[in-house]
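Subject: Structure for you to look at

Hello,

Please find the structure below, as promised. My notes on what turned up in it follow underneath.

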Amino acid sequence: MPAIRIVRRTSLPAAEAWRRLTDWERHGEQVPLTRTAITTAGPTRVGTCFTARTGVARVTFDDPMEVVLWRPPAEGSAGLVRLEKRGRVVRGWAEIEIRPLPTGGTEVRWREELWLRGLPRLFDPVVAAAGRRLFARAIDSLLRG
């Protein structure tokens, strides 16, 4: 599984960074040719499910995910959300950690490991590089608001 690791710092307070980065529908707006649909009633919690559908016309694939850990940041402590990817095409997991910084602002740590069905491991470095670029762009955009 290709490992994707991204770290960003922002002047946003941890609670606001958390709110922006766990707005699942907005994630789809950041990824080309993708839209996200929440499939369970809100608010987000363990057990929340959503699907990111990517593609054009009939050439699409779904990336269904479930929140398996939901721990929003509290005063002075980090927040962590873990998603399990349970699709036929995309499998793996993603974690978003939000850490308040002692000097103000927040550090975001995005960790993801994914597997694309039918793609040989030979392509793992390409998948990891593309994922880092795509997800970094999404994180930056979500943090900007």
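**Salt bridges**

Glu16 counts as partly exposed, because its relative accessibility is 21%. Bear in mind for this and everything below that the model is predicted. Glu16 forms a salt bridge with Arg20, and the closest N and O atoms are 2.7 Å apart. Both residues lie in helix 1, four residues apart, which is about one turn of the helix. An α-helix has 3.6 residues a turn, so residues three or four places apart point the same way. Arg20, at 15% relative accessibility, counts as buried, because the cut-off for that class is under 20%.

The count for the structure comes to 17 salt bridges. Two others are worth describing, and each joins a pair of strands.

Arg86 and Glu66 meet through their side chains at 2.1 Å, N to O. Arg86 lies in strand 5 (residues 79-86) and Glu66 in strand 4, so this pair ties together parts that are 20 residues apart in sequence. Arg86 is partly exposed, with a relative accessible area of 42%. Glu66 is also partly exposed, at 22%.

In the other pair, Arg111 forms a salt bridge with Glu95, the closest N and O atoms being 3.1 Å apart. Arg111 belongs to strand 7 and Glu95 to strand 6 (residues 90-100), so the link is between parts 16 residues apart in sequence. Arg111 is buried, with a relative accessible area of 19%, and Glu95 is buried at 12%.

Which residues are linked with Arg111 and Glu95 in a network of salt bridges? They are Arg82, Glu84, Glu97 and Arg99.

**Helix 3 and its surroundings**

Helix 3 (124-144) comes after strand 7 (106-116), with a loop between them. The helix has 21 residues and reaches 30 Å from its first C-alpha to its last, close to the 30 Å expected at 1.5 Å a residue. Gly145 follows helix 3 and has a positive phi, near 95°.

The buried residues of helix 3 include Asp124, Val127, Ala128, Gly131, Phe135, Ile139 and Leu142. What do the buried residues of helix 3 pack against? Their partners are strand 1 (3-10), helix 1 (14-21), helix 2 (24-30) and strand 7.

Strand 7 also takes part in an aromatic pair with this helix. A search of the whole structure finds three aromatic pairs. One of them is formed by Trp110 and Phe135, which are stacked at 5.4 Å centre to centre with 25° between the planes. Trp110 lies in strand 7 and Phe135 in helix 3, so the pair ties together parts that are 25 residues apart in sequence. Trp110 counts as buried because its relative accessibility is 5%. Phe135 counts as buried too, at 13%.

On the surface, Leu119, Leu122, Phe123 and Val126 form a nonpolar patch. Together these four residues have about 380 Å² of accessible area. Leu119 sits in the loop between strand 7 and helix 3. With 33% relative accessibility, Leu119 counts as partly exposed.

**Backbone points to check**

Most residues other than glycine have a negative phi, and most peptide bonds are trans. The next three places are listed with that in mind.

- Leu33 has a positive phi of about 60° although it is not a glycine. Leu33 lies in the loop between helix 2 and strand 2, and is exposed, with a relative accessible area of 57%.
- Ala57 likewise has a positive phi, of about 55°, and is not a glycine. Ala57 is found in the loop between strand 3 and strand 4 (59-71), and is exposed, with a relative accessible area of 74%.
- The peptide bond from Gly42 to Pro43 is cis, with omega near -5°. Pro43 lies in the loop between strand 2 (34-38) and strand 3 (49-56).

Regards

How values were computed:
Residues are numbered from 1 along each chain as its sequence is written. This is a predicted model: local features need pLDDT of at least 70, side-chain atom pairs count only at pLDDT 80 or more; totals for chains, interfaces and linings use all residues. Side-chain values use heavy atoms; hydrogens and water are left out. Patches are made of residues with over 30% relative accessible area and no salt bridge: like charges are joined within 9 Å, nonpolar side chains (Val, Leu, Ile, Met, Phe, Trp, Tyr) within 5 Å. Accessible areas come from the Shrake-Rupley method with a 1.4 Å probe; for residues, only the protein chains shown count as cover. Buried means under 20% relative accessible area, exposed over 50%, partly exposed in between (1.4 Å probe, protein chains only). The expected span of a helix is 1.5 Å times one less than its number of residues. Contact means heavy atoms within 4.5 Å. Rings of Phe, Tyr and Trp (its six-membered ring) pair if their centres lie within 6.5 Å; planes under 30 degrees apart count as stacked, over 60 as edge-to-face and the rest as tilted.
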